[in-house]
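Hi everyone, thanks for coming. I'd like to walk you through a structure that will be new to most of you, so have a look at the screen.

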Amino acid sequence: MFSRTTFSSAIRASARPLTAFQPLALSRFSPLQIRLLSQETRVAIDKAVASAPVVLFMKGTPETPQCGFSRASIQVLGMQGVDPSKFTAFNVLEDEELRQGIKEYSEWPTIPQLYVDKEFVGGCDILMSMHQDGSLAKMLEEKNVLAAPAEESK
């Protein structure tokens, strides 16, 4: 249902802590903001979240981010050394249902949104904070999603 992009090696060069799901009754959204996802959209987002160990819902693609927060998120993941084969991104600008649905799905009002091992981590601000305090590196290492260190040539 949604198209995805991959994390290129070119981008690699260049907290909200994990919590339990909160029911809509405790949502950060006001009743007027809740749209109630269609079952089709919920299933499609479930599949998208499960499509790779590291999933980023962003504006644009890893190669051409369309907002500064998406660009910063891609840069942080690259600096952390996320394995491109364990990463995928979904461009919310290509699908309005995804753009609105992911906000309700995660109960997080902004994009980008990062999922690691099917768990919602947070947006760019959380990613930056976790990167700075070292907790992101620890989590990514524990989830085994980092690229293997390159062998030095002799």
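**A hairpin to start with**

Let's begin with β4 and β5, which form a hairpin with two residues between them. One of the turn residues, aspartate 117, has a positive phi of about 55°. Before going further, please keep in mind that this is a predicted model.

How do β4 and β5 run, and how many bridges join them? They run antiparallel, and three bridges join them. If you want one pair to look for, take tyrosine 115, whose bridge partner in β5 is phenylalanine 120.

Lysine 118 also sits in the loop between β4 and β5, with β5 covering 119-122. Its phi is positive too, near 65°, and lysine 118 is not a glycine. Is lysine 118 buried or exposed? With a relative accessible area of 54%, lysine 118 is exposed.

Okay, let's step back to the whole chain. The protein has six helices and five strands. Going along the sequence, you read β-α-α-β-α-β-α-β-β-α-α. Of its 154 residues, 45% count as buried.

**The strand β2 and its partners**

Now over to β2, residues 54-58. Five of its five residues are buried, so I'd call β2 mostly covered. Which residues lie on which side? Val54, Leu56 and Met58 are on one side, Val55 and Phe57 are on the other, and all of them are buried, leaving both faces of β2 covered.

β2 pairs with two strands that I want to show you. With strand β3, residues 87-91, β2 runs parallel, and five bridges join them. Here you can find phenylalanine 57 opposite phenylalanine 90 in β3. To get from β2 to β3, the chain goes through helix α3, residues 68-80, and this β-α-β crossover is right-handed.

With strand β4, residues 113-116, the pairing is antiparallel and spans four bridges. The pair to look for there is leucine 56, which stands opposite leucine 114 in β4. So that's the β4 of our hairpin again, the one that pairs with β5.

Just ahead of β2 there's a residue I'd like you to click on: proline 53, in the loop between α2 (39-49) and β2. At 35% relative accessibility, proline 53 counts as partly exposed. What does proline 53 touch, once we leave aside its neighbours within four places in sequence? The answer is Lys86, Tyr115, Val116, Asp117 and Val145. Asp117 you'll remember from the hairpin turn. As for valine 145, it is 92 residues away from proline 53 along the chain, yet their C-alpha atoms are separated by 7.0 Å.

**The loop between α4 and β4**

Two residues in this loop are worth a stop. Proline 112 lies in the loop between α4 and β4, and the peptide bond leading from isoleucine 111 into proline 112 is cis, with omega near 20°.

The other residue is glutamate 107, also in the loop between α4 and β4. Glutamate 107 isn't a glycine, but its phi is positive, about 60°. Buried or exposed, what would you guess for glutamate 107? At 3% relative accessibility, glutamate 107 counts as buried.

**How the helices pack**

Last topic: helices against helices. We describe two packed helices by the angle between their axes and the distance between the axes.

Take α2 and helix α4, residues 96-106, which pack at an angle of about 80°, with their axes 10 Å apart. That angle makes α2 roughly perpendicular to α4. On the α2 side, the contact is made by Thr41, Arg42, Ile45, Asp46 and Val49, and on the α4 side by Glu97, Leu98, Gly101, Ile102 and Tyr105. Sorted by class, this contact has five nonpolar, two polar and three charged residues.

The other pair is helix α5, residues 124-133, and helix α6, residues 135-142, with an angle of about 90° and axes 5 Å apart. These two are therefore roughly perpendicular to each other. Leu127, Met130, His131 and Asp133 of α5 meet Ser135, Leu136 and Met139 of α6. In this contact, four residues are nonpolar, two are polar and one is charged.

That's my tour. Any questions?

Conventions: Residues are numbered from 1 along each chain as its sequence is written. This is a predicted model: local features need pLDDT of at least 70, side-chain atom pairs count only at pLDDT 80 or more; totals for chains, interfaces and linings use all residues. Side-chain values use heavy atoms; hydrogens and water are left out. Axes are lines fitted to C-alpha atoms, for helices over the stretch in contact, and angles run from 0 to 180 degrees between N-to-C directions. Angles under 35 degrees count as roughly parallel, over 145 as roughly antiparallel, 65 to 115 as roughly perpendicular and the rest as oblique. Contact means heavy atoms within 4.5 Å. Ala, Val, Leu, Ile, Met, Phe, Trp, Tyr, Cys and Pro count as nonpolar, Asp, Glu, Lys and Arg as charged, and the others, Gly among them, as polar. Buried means under 20% relative accessible area, exposed over 50%, partly exposed in between (1.4 Å probe, protein chains only). Two strands pair if DSSP finds at least two bridges between them. A crossover is right-handed if, with the strands pointing away from the viewer, the path from the first strand over the helix to the second runs clockwise.
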